[in-house]
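Trainee: I have a structure open and would like to learn how to read its main features. Where should I begin?

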Amino acid sequence: MLRPITVGLDGSPESLAAADWAAGEAQRRGLPLHLVNAWLWQPHDVPVADDRKTQKRWALRLLLESEEDLRAWYPQLTIDTEQVSESATEVLLSQAEKAEMLVLGSSGHGAIAGFLLGSVGQHVLAKAKCPVVMVRAKTQSAAEANTGEVVVGLQDLGTQSGPLLEFAFRAAAARGATLRAVHAWDLPPLYGRGPEAGQAAVKPGGLAEQQEKALSKALQPWRERFPQVTVVETVDLAFASGVVLQAAADAALVVVGRRVHRPALGMRIGPVAHAVLHHVAAPVVIVPHD
């Protein structure tokens with residue numbers, strides 16, 4: 001049974017943009033689309049008898065109208081809806097257990113800092129077991145948004161990079177897009193600092209060449225699995241966040257990772273993911289990995 005692409009809808013422009021992006025992605029990948037709304041009745045100081053019914057009707061209307069709009073644009077797409085009377089965090093994390101990916105709306109630069117610090121966004125990004133895609137409100141057409149490279153930021157080049165590379169290669173193959181694999185590295189302590197250290201690292205056979213070979217080795221199995229995807233490799237001696245942001249300036253999609261099994265970090269998602277979510281205009285995918 002195919003796992004769906006699931007969208008959390010709350011009626012905001014960002015969530016509607018997320019639904020549109022998810023519908024396009026579902027059509028490209030041949031997957032069903034699942035629209036979900038989590039609503040939890042919040043009584044006021046002076047409760048009104050039908051407040052609960054009113055809120056439930058509004059949430060249902062939101063789902064049905066969104067479904068109708070998407071069917072008009074994507075008539076071949078399988079779409080279903082679900083309305084759940086629970087907290088948004090609980091619903092979205094539960095949906096992530098059975099989804100191919102979870103797609104949410106992002107408030108964009110500035111407001112996104114508050115979003116990430118909020119209980120719903122932070123918990124979902126930090127705990128979801130499937131990739132989470134953050135989509136900003138539309139500033140360009142869907143066609144324009146899907147042009148450009150798929151950029152994947154790789155900090156580790158071992159087997160733990162597998163989930164990121166699989167998602168990125170599949171996304172690039174579905175779009176017919178170029179995949180840019182970005183790896184930033186730093187000098188080991190024994191190299192010290194200063195111009196001499198940097199020159200030693202970039203000389204033939206030095207650390208820079210070793211890192212380039214390591215990236216090519218990590219990509220090779222995926223190149224063979226997705227021969228139709230053109231791959232560009234970027235390796236730089238710099239801070240990872242800056243390198244990924246520079247590569248992502250005109251990207252159609254940016255893929256970065258989030259380590260799991262790190263309880264000491266609480267709700268943190270990592271500095272690269274945090275920077276990308278703050279500053280990249282394209283949809284951003286956070287992929288959990290070991």
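Mentor: We will go from the overall make-up to the sheet, then to the cores and the aromatic rings. Keep in mind that this is a predicted model.

Trainee: How many helices and strands are there in the protein chain?

Mentor: The protein chain holds eleven helices and ten strands. It has 290 residues, and 46% of them count as buried. Of its contacts between residues at least 6 apart in sequence, 78% join residues at least 24 apart.

Trainee: In what order do the strands of the sheet stand?

Mentor: Read a sheet from one edge to the other. Here ten strands form an open sheet, in the order β3-β2-β1-β4-β5-β10-β9-β6-β7-β8, with mixed pairing. β3 (79-84) and β8 (231-237) each have a single partner strand, so one side of each has no neighbour in the sheet. On average, neighbouring strands are turned by 25° against each other, direction ignored.

Trainee: The pairing is called mixed. Which strands run parallel to β10, and which pair with it in the antiparallel sense?

Mentor: Strand β9 (residues 253-259) runs parallel to strand β10 (residues 284-289), and six bridges join the two. Within that pair, Val256 stands opposite Ile286. Strand β5 (residues 132-136) pairs with β10 in the antiparallel sense, over three bridges. There, Val133 has Val285 as its bridge partner.

Trainee: Are the residues of β10 buried or exposed?

Mentor: Check each residue, then check which way it points. In β10, six of six residues are buried. Val284, Ile286 and Pro288 point one way, while Val285, Val287 and His289 point the other way.

Trainee: Which strands do helices α3 and α9 touch or lie across?

Mentor: For a helix on a sheet, look at the strands beneath it and at the angle. Helix α3 (residues 88-96) packs on the sheet and touches β1 (5-8), β2 (33-38), β3 and β4 (101-106). Its direction makes about 160° with that of β2. Helix α9 (residues 207-225) lies across β6 (150-154), β7 (179-185) and β8, and runs at about 150° to β8.

Trainee: Which residues have the most contacts inside the largest nonpolar core?

Mentor: The general idea is that in soluble globular proteins, nonpolar side chains tend to be buried together. In this model the largest nonpolar core has 48 residues, and those with the most contacts inside it are Leu33, Leu35, Val103, Val152, Phe169 and Val255. Not counting residues up to four places away in sequence, the residues that Leu35 touches include Val7, Leu9, Ala19, Leu63, Leu70 and Ile79. Another core, of 32 residues, lies apart from the largest one, with Leu104, Ala251, Leu277 and Val280 among its residues.

Trainee: Why is the pair of Phe169 and Trp222 called stacked?

Mentor: A pair of aromatic rings is described by the distance of the centres and the angle of the planes. A search of the whole structure finds two aromatic pairs. In the pair of Phe169 and Trp222, the ring centres are 6.4 Å apart and the planes stand at 25°, so this pair is stacked. Planes under 30 degrees apart count as stacked. The partners lie 53 residues apart, with Phe169 in helix α7 (residues 162-175) and Trp222 in helix α9. Phe169 is buried at 0% relative accessibility, and Trp222 is buried at 14%. Ring pairs link Phe169, Trp222 and Phe226 into a cluster.

Trainee: Where does the charged end of Arg29 sit?

Mentor: That charged end sits over the ring of Phe167, 4.9 Å from the ring centre.

How values were computed:
Residues numbered from 1 in each chain as written. Predicted model: local features only at pLDDT ≥ 70, side-chain atom pairs only at ≥ 80, totals over all residues. Heavy atoms only, no water. Pairing = 2+ DSSP bridges. Helix = DSSP H or I, 4+ residues; strand = E, 2+ residues; numbered from the N terminus. Axes fitted to C-alpha atoms, helices over the stretch in contact; angles between N-to-C directions. Contact = heavy atoms within 4.5 Å. Core = buried A, V, L, I, M, F, W, Y, C linked by side-chain atoms within 4.5 Å. Buried < 20%, exposed > 50% of the residue type's maximum accessible area, 1.4 Å probe, protein only. Phe/Tyr/Trp six-rings, centres within 6.5 Å; stacked < 30°, edge-to-face > 60°. Lys NZ or Arg CZ within 6 Å of the ring centre and 35° of its normal.
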